[in-house]
Amino acid sequence: MFPPISPDDLATLIDEAAIAARRLHHKLMLPSADLDDLRQDLLVDLICRLPGFDARRGSIGAFANIVLRNQSSRIAIRHHRQRRMQGGTVLSLDAPVSGATEPLGCLLAEADGLAAWHGQDRSATDDADTLNDLARVLGGLPGEARGLCAALGTCAVAEIVERTGTSRSALYRHIARLRLDLAMRGIGAEWDGSKAA
């Protein structure tokens with residue numbers, strides 16, 4: 001059962017949750033549409049933890065600050081984990097696309113496909129063409145270069161250095177040659193002989 005709280009205490013909880021939500025919203029650089037949801041999430045968690053409040057140990061404001069700080073930390077950790085899983089970007093239909101003022105959800109039609117709803121501008125046809133081009137180009141590379149491509153697709157540079165015994169500087173020279181070779185075959189940055197000179 002919740003301890004009895006006065007209207008003033010309830011106003012304190014609401015104010016503290018709003019302040020914590022604005023602070024967390026700013027730190028996480030979330031779209032403006034997420035502020036109200038964040039405030040509500042923090043307030044609900046705070047109200048659920050009210051049975052743990054003991055007026056003999058401190059004020060309700062101090063209790064709220066501790067609870068909100070801990071919950072904000074948990075939300076931030078969860079948010080950063082999701083952002084890392086999404087390649088460092090925020091996937092939100094409420095967030096504006098770079099260079100636009102309207103949110104992504106307003107710019108997309110249902111016919112654009114799932115990739116567009118996730119912020120990708122590629123279609124299944126484009127992906128299939130890219131895979132065919134890659135298979136063609138990789139088939140024309142020498143065996144050592146194909147092995148390096150495969151290793152770079154699955155391992156970090158440090159792992160390749162450790163596994164092969166090649167020095168890091170030698171590996172980066174191989175990667176530079178591989179980039180040049182791929183660019184000359186039409187994959188990656190366009191080849192410009194004047195820049196290489």
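This is a walk through three helix packings and one pocket in a predicted model.

Let us begin at helix H1, residues 7-28, and its partner H2. Their axes are 8 Å apart and meet at an angle of about 130°. That angle makes H1 oblique to H2, and the crossing of H1 and H2 is right-handed. If you would like to select the interface, H1 offers Leu13, Ile14, Ala17, Ala18, Ala20, Ala21, Arg22, Leu24 and His25, while H2 answers with Asp34, Leu35, Leu38, Arg39, Leu42, Leu43 and Leu46. Sorted by class, the contact of H1 with H2 holds 12 nonpolar, 1 polar and 3 charged residues.

Helix H2, which covers residues 34-48, also packs on helix H3, residues 60-85, with an angle of about 125° and axes 10 Å apart. H2 and H3 are therefore oblique to each other, and H2 passes H3 in a right-handed crossing. On the H2 side, the contact is made by Leu38, Leu42, Asp45 and Leu46; on the H3 side, by Phe63, Ala64, Val67, Leu68, Gln71, Ser72, Arg74 and Ile75. The residues of this contact divide into 8 nonpolar, 2 polar and 2 charged. Notice Leu38, Leu42 and Leu46: these residues of H2 take part in the contact with H1 and also in the contact with H3.

Now move along the chain to H8 and H9, which pack at an angle of about 115° with their axes 10 Å apart. This pair is therefore roughly perpendicular, and the crossing of H8 and H9 is right-handed. Val157, Ala158, Ile160 and Val161 of H8 make the contact with Arg168, Leu171 and Tyr172 of H9. By class, the contact of H8 with H9 has 6 nonpolar, no polar and 1 charged residues.

These two helices also lead us to a pocket. Which helices each supply at least two residues of the lining of the second largest pocket? They are H7 (143-154), H8 (157-164) and H9 (168-184), and H9 gives the most, with 5 residues. The second largest pocket has a volume of about 300 Å³. Its lining numbers 14 residues, and those nearest the centre are Glu144, Ala145, Leu148, Leu171 and His174. The lining is mixed in class, with 7 nonpolar, 3 polar and 4 charged residues. Leu171 is a good place to end the tour: this residue of H9 belongs to the contact with H8, and Leu171 is also among the residues nearest the centre of the second largest pocket.

Methods:
Residues are numbered from 1 along each chain as its sequence is written. This is a predicted model: local features need pLDDT of at least 70, side-chain atom pairs count only at pLDDT 80 or more; totals for chains, interfaces and linings use all residues. Side-chain values use heavy atoms; hydrogens and water are left out. On a 1 Å grid over the protein atoms alone, a cavity is a set of points where a 1.4 Å probe fits but cannot get out, and a pocket is an open set with protein on both sides within 12 Å along at least five of seven lines; lining residues have an atom within 4 Å of a point. Grid points are joined across faces, edges and corners, and a volume is the space filled by probe spheres set on the points. Helices (H or I, at least four residues) and strands (E, at least two) are DSSP runs, numbered from the N terminus. Ala, Val, Leu, Ile, Met, Phe, Trp, Tyr, Cys and Pro count as nonpolar, Asp, Glu, Lys and Arg as charged, and the others, Gly among them, as polar. Axes are lines fitted to C-alpha atoms, for helices over the stretch in contact, and angles run from 0 to 180 degrees between N-to-C directions. Angles under 35 degrees count as roughly parallel, over 145 as roughly antiparallel, 65 to 115 as roughly perpendicular and the rest as oblique. A crossing is left-handed if the near helix is turned anticlockwise from the far one by less than a right angle, and right-handed if clockwise. Contact means heavy atoms within 4.5 Å.
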